[in-house]
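This report is meant for someone meeting the structure for the first time. Please look over the sequence and the model before reading on.

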Amino acid sequence: MWRRVASLSPMISSSSPSRSLARNQAAFGLNIRESFATEISKPEEGAKSPFITFVLGGPGSGKGTQCEKIVETFGLTHLSAGDLLRREIAMHTKNGDMILNLIKDGKIVPSEVTVKLLQKELESSNSSKFLIDGFPRTEENRVAFERIVGADPDVVLFFDCPEEEMVKRVLNRNQGRVDDNITTMKKRLKIFEALNRPVIDYYKNKGKLYTINAVGTVDDIFKQVLPIFTPFEEQLKQSRHVNPKSPLVENSS
Ligand SMILES: Nc1ncnc2c1ncn2[C@@H]1O[C@H](COP(=O)(O)OP(=O)(O)O)[C@@H](O)[C@H]1O
Ligand SMILES: O=c1ccn([C@@H]2O[C@H](COP(=O)(O)OP(=O)(O)O)[C@@H](O)[C@H]2O)c(=O)[nH]1
Ligand SMILES: [Mg+2]
């Protein structure tokens, strides 16, 4: 289980960059353990940094659809930020009504709410490789994740799709979503351009962005996704939760 052990230590709860690094190291069982040995519970033997992929793209660009294929092939654990938020609505949690109103209006839920939901999933999962779908949606989201979770993505996928195509797909999605209507969709596209583009640019500048042409059949698009994970083959193989059908699993014969 990957856990942010540093959350147990009040001494390293500040958000300053050096402490954030300390927290990050602690989360992955690195050398900070020695200095704070009394505050931090012993991390699991061999705890390592999780492999994180952020999946970006406008509404209807095919993020969720491609995530399903990535999960099937590489066994990553899929965390859809939108699904986690919709679960809050369905469960009538204290933030449920607020989230519903924001989603209906195509707006972005406060970072703290989304990041905490993601953090809970990451910390309680037995997996060590994750696909975080539809997040971060804003620079503020990105910074909050770094600060609260203390981890960086290894890969950032961007499904690049023309607006016309996204509108067509969303209006045909047929999943009964409150935001799949033309009025909300227009707002979402504006918000995507204004707030998500800077995140895409940030990862482009960091050399972590992989842009995929999201027009074509689902399989054609996935053909572009496959080779992106090849350089990470070793890391992905080592995970305990690789799908047995994955081409990355070593043949035991
Ligand atoms: N390559 C594609 N061509 C046509 N329709 C697609 C394609 N990929 C996904 N879809 C459909 O478009 C809609 C939006 O896809 P989805 O994966 O939910 O996108 P996102 O998660 O980015 O909003 C869904 O109804 C899905 O079945
Ligand atoms: O990190 C996130 C992810 C989603 N949302 C909200 O949830 C909606 C639906 O997101 P989802 O990723 O499910 O939509 P998709 O892009 O897949 O259509 C968004 O428009 C936002 O209102 C959000 O506020 N923060
Ligand atoms: Mg989606």
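The text below takes up the largest pocket, then the two ligands, and finally two points of backbone geometry.

## The largest pocket

The structure shown is a predicted model, and the description begins with its largest pocket, which holds about 950 Å³ of space. Of the 42 residues that line this pocket, the closest to its centre are Lys63, Arg86, Arg173, Arg177 and Arg188. By class, the lining of the largest pocket is made up of 13 nonpolar, 17 polar and twelve charged residues.

Several elements take part in this lining: helix H3 (63-74), strand E2 (77-80), helix H4, helix H8 (163-171), helix H9 (182-205) and helix H10 (218-229) each supply at least two residues. Ligand 1 sits in the largest pocket, and the largest pocket is also where ligand 2 sits.

## Ligand 2

Which residues are the closest to ligand 2? The shell around this ligand counts 19 residues, and the closest of them are Lys63, Arg86, Lys107, Val109 and Arg137. Helix H4, which spans residues 81-90, gives the most to this shell, with four residues. Sorted by class, the shell around ligand 2 contains seven nonpolar, four polar and eight charged residues.

Three arginine side chains each place an N or O atom by an oxygen atom of ligand 2: for arginine 86 the distance is 2.8 Å, for arginine 137 it is 2.8 Å, and for arginine 173 it is 2.9 Å. Taken alone, ligand 2 exposes 530 Å², and the protein buries 96% of that area.

## Ligand 1

Around ligand 1 there are 14 residues, the closest being Gly60, Lys63, Thr65, Arg173 and Gly216. Helices H3 and H10 each supply at least two residues of this shell, and the largest share, three residues, comes from H3. The shell around ligand 1 divides into three nonpolar, eight polar and three charged residues.

Among the contacts of ligand 1, two involve the protein backbone: a polar backbone atom of glycine 60 is 2.8 Å from an oxygen atom of the ligand, and a backbone N or O atom of serine 61 lies 3.2 Å from an oxygen atom of the ligand. A side chain takes part as well, since an N or O atom of the lysine 63 side chain is 2.8 Å from an oxygen atom of ligand 1. Taken alone, ligand 1 exposes 560 Å², of which the protein buries 75%.

The table sets out the ligand contacts described above.

| Ligand | Residue and part | Distance to a ligand oxygen atom |
|---|---|---|
| Ligand 2 | Arginine 86, side chain | 2.8 Å |
| Ligand 2 | Arginine 137, side chain | 2.8 Å |
| Ligand 2 | Arginine 173, side chain | 2.9 Å |
| Ligand 1 | Glycine 60, backbone | 2.8 Å |
| Ligand 1 | Serine 61, backbone | 3.2 Å |
| Ligand 1 | Lysine 63, side chain | 2.8 Å |

## Two points of backbone geometry

Is the peptide bond from phenylalanine 135 to proline 136 cis or trans? This bond is cis, with omega near 0°, and proline 136 itself lies in the loop between strand E3 (129-133) and helix H7 (139-148).

The second point concerns histidine 92, which has a positive phi of about 50° although it is not a glycine. Histidine 92 is found in the loop between H4 and helix H5 (96-104), and H4 is the helix that gives the most residues to the shell around ligand 2.

Conventions: Residues are numbered from 1 along each chain as its sequence is written. Chains are lettered from A and ligands numbered from 1 in the order in which they are written. This is a predicted model: local features need pLDDT of at least 70, side-chain atom pairs count only at pLDDT 80 or more; totals for chains, interfaces and linings use all residues. Side-chain values use heavy atoms; hydrogens and water are left out. A residue is near a molecule or strand if one of its heavy atoms lies within 4 Å of it. A polar contact is a pair of N or O atoms within 3.5 Å; within protein, one must be able to donate a hydrogen and the other to accept it, and residues adjacent in sequence count only if both atoms are side-chain atoms. Accessible areas come from the Shrake-Rupley method with a 1.4 Å probe; for residues, only the protein chains shown count as cover. On a 1 Å grid over the protein atoms alone, a cavity is a set of points where a 1.4 Å probe fits but cannot get out, and a pocket is an open set with protein on both sides within 12 Å along at least five of seven lines; lining residues have an atom within 4 Å of a point. A molecule sits in a cavity or pocket if more than half of its atoms lie within 2 Å of its grid points. Ala, Val, Leu, Ile, Met, Phe, Trp, Tyr, Cys and Pro count as nonpolar, Asp, Glu, Lys and Arg as charged, and the others, Gly among them, as polar. Grid points are joined across faces, edges and corners, and a volume is the space filled by probe spheres set on the points.
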